[in-house]
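Colleague: I would like a close look at one part of this model, and then at how the rest is arranged around it. Please keep it to what can be read from the coordinates.

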Amino acid sequence: MTIHNRDSFLAHITRALNRTPRLIHVKKPVWDYEPQKEVFKGFNLEQLVDVFALQCEKIHTSLRRTNLKELNNTLKEVLLDHEASQIITSTDPRHDAFKVSEVFDELNLAGKNVHYWDAKLGKENQIIAEKADVGITYSDITLAESATVCQFNHADNGRTISLLPKSYIAIIPKSTLVPRLTQAMEKIHKYEEKGNQIPSCISFISGPSNSADIEMSLIVGVHGPVKATYILVDDI
C-alpha cells in the first residue's frame, strides 16, 4: 500500500504542536525480560497441536484432523454435518493447491451453490454471505494458545465470509501453527519488513460467536456463526 503526502501531513501536525521534527526513525526498544515469549517456549508442532486441540474444546469448536490426501473427504463430511446447501468461500490459490476446488465443483454439479468471493460484485458478496449456511476460509497464522485463526482479509477474501453465515469452517494448514499472539505478530512484522503488502484488515477468529455479557452466562452464536469447525491439515 502506497502512503501519499505522509511527510507533509506529519510536518503540518508537528508545526501545529510546536514540536521539533523527528529526523530519524524510532528504534524498537530491546527489553531485558520478555515473559510473553516464554509461554510454550521450545514446544514442537505436535505439542502445539495438543495445546490447540484442548483449547478448541474450551471454545466450543469442533476439530477434525486430516492430511492433504484425505482433506476432500473430511471436508465433505464436515459440510454434510453442517447441512450446507449455500456456501461462500474466498478466492484462494490454496483451493487448487489442496484440490479443495474439486469438492466445490462436485457440490455445484449436485445442485448446491458455492460462491467464490468476487471483488467485482462489491456489496452483493455480503448479501450472499448473510444467506449462506457455511463460510469457508483458510488460516494464514494459527494461535495454539487460544485456538485462534488469523486470516489476511483482502479483495478476494472478505471478512464477512467468517462473520455472516450460519456456520464457519476454517481449513488450517498445520504449518501455520505458532504458540500465541506474540509469535503471530512477529511473523506479520517480518512479512512486512520483507516488502510484502500487509492487508488493511487482519481478522482473528476464535471459534463460534459467543458472549458472556449478560449475568456472566456464556451464550454461543450471539452475533455470528452458531457453529465452527476447524480442519487441521497435516501439510508438512
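Is Arg-180 buried or exposed, and what is its relative accessibility? Please start there and work outwards.

Modeller: This is a predicted model, and what follows should be read as such. Arg-180 counts as buried because its relative accessibility is 17%, and the cut-off for buried is under 20%. Arg-180 sits in the loop between β8 and α7.

The side chain of Arg-180 makes a polar contact with the side chain of Glu-145, at 3.0 Å. This pair is also a salt bridge, with 3.0 Å from N to O. Glu-145 lies in the loop between β5 (141-143) and β6 (148-153), while Arg-180 lies between β8 (177-178) and α7 (181-193), so the salt bridge ties together parts that are 35 residues apart in sequence. The two partners fall into separate classes of accessibility: Arg-180 is buried at 17%, whereas Glu-145 is partly exposed at 30%. Leaving out residues up to four places away in sequence, Arg-180 touches Gln-36, Val-39, Leu-143 and Glu-145.

The next topic is the other salt bridges. The structure holds eleven of them. One joins Lys-37 to Glu-34, with the closest N and O atoms 3.2 Å apart. Both ends of this bridge are partly exposed: Lys-37 has a relative accessible area of 31%, and Glu-34 is at 24%. Another salt bridge pairs Glu-106 with Lys-76, and here the closest N and O atoms are 2.9 Å apart. Glu-106 belongs to helix α5 (residues 101-109) and Lys-76 to helix α3 (residues 71-81), so this bridge ties together parts that are 30 residues apart in sequence. Glu-106 is partly exposed, with a relative accessible area of 42%, and Lys-76 is partly exposed as well, at 33%.

For comparison, the Arg-180 bridge to Glu-145 has its two ends in loops, one between β8 and α7 and the other between β5 and β6. Some salt bridges share partners, and through them Glu-34, Lys-37 and Glu-186 are joined into one network.

Now the interior. The largest nonpolar core has 19 residues, and the members that touch the most other members are Leu-75, Leu-79, Val-100, Ile-136 and Ile-169. The elements that give two or more residues to this core are α3, α5, β4 (134-138), β7 (167-173) and β12 (227-234). Helix α3 supplies the largest share, four residues. Helices α3 and α5 thus appear twice in this account: they contribute to the core, and they carry the Lys-76 and Glu-106 ends of a salt bridge.

Ile-169 gives a view of the packing. With its neighbours within four places in sequence set aside, Ile-169 is in contact with Leu-75, Val-78, Leu-79, His-82, Val-134, Gly-135, Ile-136, Thr-137, Thr-229 and Ile-231. Apart from this core there is a second, separate one of 16 residues, which includes Phe-52, Ile-59, Ala-147 and Tyr-230.

Lys-99 is another loop residue, placed between α4 (94-97) and α5. Not counting residues up to four places away in sequence, Lys-99 touches Asn-72 and Arg-94. Lys-99 and the core residue Ile-136 are 37 residues apart in sequence, and their C-alpha atoms are 14 Å apart in space.

The last region is towards the N terminus. Phe-9 lies in helix α1 (residues 6-16). Together with Leu-10, Ile-13 and Leu-17, Phe-9 forms a nonpolar patch on the surface, with about 370 Å² of accessible area for the four together.

Two asparagines of this region have positive phi values. Asn-5 lies in the segment before α1, and its phi is near 60°, a positive value in a residue other than glycine. Asn-5 is exposed because its relative accessible area is 61%, and the cut-off for exposed is over 50%. Asn-18 lies in the loop between α1 and α2 (45-58), and its phi is near 55°, again positive in a residue other than glycine. Asn-18 is exposed too, with a relative accessible area of 74%.

To return to the starting point, Arg-180 is buried at 17%, and its side chain meets that of Glu-145 in a salt bridge.

Methods
Residues numbered from 1 in each chain as written. Predicted model: local features only at pLDDT ≥ 70, side-chain atom pairs only at ≥ 80, totals over all residues. Heavy atoms only, no water. Patch = residues over 30% accessible without salt bridge, like charges linked within 9 Å, V, L, I, M, F, W, Y side chains within 5 Å. Areas by Shrake-Rupley, 256 points an atom, 1.4 Å probe, with all protein chains shown as cover. Buried < 20%, exposed > 50% of the residue type's maximum accessible area, 1.4 Å probe, protein only. Core = buried A, V, L, I, M, F, W, Y, C linked by side-chain atoms within 4.5 Å. Contact = heavy atoms within 4.5 Å. Polar contact = N/O pair within 3.5 Å; in protein donor to acceptor, adjacent residues only side chain to side chain.
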